[in-house]
Amino acid sequence: MRKVHLTLCFLLLLSAGMMKNTASAQVITTDYTWDECRGSARPYPKEVVFATAPDSLRAIMINHVGRHGARYPASGVHADEVRSLLLKAKEKRTITPRGSKLLALTERIITASSGRWGVLDTLGKAEQQGIAMRMYSTFPKLFKNGRINAISSYVPRCIMSMYEFTHQIARLDDRVEIYTQSGHETSRLMRFFKENKMYESFAKSDEVKNAISAYADTVMPVIVLRKLLGAGFPLDDINKEETLMAIYSVIAGTAAMEMRCNPADYLTIEEMNRLWSVFNLKQYLTHSASAMSMLPAQASAPLLINMIATTDSLLAGCDIAPVQLRFGHAETLMPLLALMRVPGCVYETEDMADVVTGWKDFDIVPMAANFRFVLFRSRTGRIYVRADLNEIPVAMLPSRPGELYVPWDDMRSYLKLRLSFMM
């Protein structure tokens, strides 16, 4: 009887494990590409289709908010963590050939990034120059003998993004007057995610951490650790979720620093999708609007108010630069886009498993991501506005579905309504 009982228990446990794997497979239904699964570490699209306005409209203003371009890893925390763990596996003689290859990659990253952590790299500079060049080429009359006012976060990669962008404009037209500003005085607009203490507290709360961990428990491919560290490595001694996300961060960030890396050398595409989905959920909960909290969107209100105010000032005839540029972070854009309910940038669900298909950070905030309002005057003098996300026009007004060019008064009323919900 004891033998039968133990056999039955084993079969039940095996069945439960199979059920868990099946449930996990049902949670992850995505098949995004390697590039997409880099998430917010994804470089800016190389090919951008020019959006041309009707001949009856003349551009009179650009109101732009952008993220810094591609850069070296923001810090060495993840690379150091992965390197340290792999060295332990090497000391224990359990490390696999795949693990040894990842160890070599982390050492290359640490060496290449030494003294450059978080610094804008050549790819990031090229991204900003490209966006600037397309802006100038699309709206040349707006820049002729024109003025630019640009501000940035005090973080060096944001300052350098601003300089690369404005320098490119100056190369194209040295008669453009350019005024730049950076420093802690811009933090209220560009780093509100740190200035707003309620928001910062929420982002670090147990409620958010527990929601992410609960989801991670259903999808984390723990087998990755075995394939890297070896069968004899004591996995109970490490935090599996944190370790796997550190490994993901190391691999996902290589393209932004222009380092050769084939993710398939370390992960399957399914494993990459699973790891990305956890990171994507963290971005969603901490930096967008969700059923858990509207605080992230609410915190971006000063930035939206500034965009409306600068537009109104220009239309009122005030002495204000017709090109307004702002350079911040992914954490600057995600809440702002959620506040305005830009299509694809806000998603309502109480099921965390749905986020992978409804809200995708790689489309919203790749490196050098940007959003802008382009204002136009018609031949009759009426003012229209077009909203562009990553240089692609988006129809924002629910009252005007599918319309890309809408009266500024209508857009302004809509944005004011969005702000009123946050007050």
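**Helices, a hairpin and the cysteines of a predicted model**

Good morning. I begin with helix α12, residues 240-252. At 1.5 Å a residue, the 13 residues of this helix should span 18 Å, and the C-alpha atoms at its ends are indeed 18 Å apart, so the two values agree. Please bear in mind throughout that this is a predicted model.

At the start of α12, the backbone nitrogen of E241 has a side-chain oxygen of N239 within 3.2 Å. Which residues of the helix are buried? They are T243, L244, M245, A246, I247, Y248, V250, I251 and A252. These buried residues pack against four other helices: α2 (77-91), α3 (97-113), α11 (223-229) and α13.

That brings me to α13, which covers residues 269-287 and holds T286. T286 counts as buried because its relative accessibility is 5%. Where does the polar part of its side chain lie? A polar atom of the T286 side chain is 2.6 Å from the backbone oxygen of K282. As general background, an α-helix has 3.6 residues a turn, so residues three or four places apart point the same way. Setting aside neighbours within four places in sequence, T286 is in contact with Y199, A203, V208 and P296.

The next helix I wish to show is α15, residues 301-315. From its first C-alpha to its last, this helix of 15 residues reaches 21 Å, close to the 21 Å expected at 1.5 Å a residue. Its buried residues are A301, L303, L304, M307, I308, T310, T311 and L314. Just after α15 comes G317, with a positive phi of about 90°.

I turn now to the strands, with β5 as the reference. Strand β5 comprises residues 370-378 and is mostly covered, eight of its nine residues being buried. Strand β1, residues 57-67, runs antiparallel to β5, and nine bridges join the two. Within that pairing, V65 stands opposite F371 of β5. β5 is also joined to strand β6, residues 383-389, by seven bridges, and this pair is antiparallel as well. Here F373 has A387 in β6 as its bridge partner. What connects β5 and β6? The two strands form a hairpin with four residues between them, and G381 in the turn takes a positive phi of about 95°. In a regular strand, generally speaking, the side chains alternate between the two faces of the sheet.

Let me consider the cysteines next. How many disulfides does the structure hold? It holds zero. For C261, the closest cysteine sulfur is that of C37, and at 13 Å it is too far away for a bond, since a disulfide requires the sulfur atoms to be within 2.5 Å. C345 is likewise in no disulfide; its nearest cysteine sulfur, again in C37, is 18 Å away. Are these two residues buried or exposed? C261 counts as buried because its relative accessibility is 18%, under the cut-off of 20%. C345 also counts as buried, with a relative accessibility of 1%.

Finally, a word on confidence. The chain has a mean pLDDT of 92, and 93% of its residues reach 70 or more. Over residues 1-26, however, the pLDDT is below 50, and this stretch has five contacts in the model beyond near neighbours in sequence.

To close, I return to the point where we began: the buried residues of α12 pack against helices that include α13, and α13 is the helix in which T286 is placed. Thank you for your attention.

Conventions. Residues numbered from 1 in each chain as written. Predicted model: local features only at pLDDT ≥ 70, side-chain atom pairs only at ≥ 80, totals over all residues. Heavy atoms only, no water. Buried < 20%, exposed > 50% of the residue type's maximum accessible area, 1.4 Å probe, protein only. pLDDT = per-residue confidence, 0-100. Contact = heavy atoms within 4.5 Å. Polar contact = N/O pair within 3.5 Å; in protein donor to acceptor, adjacent residues only side chain to side chain. Expected span 1.5 Å × (residues − 1). Pairing = 2+ DSSP bridges.
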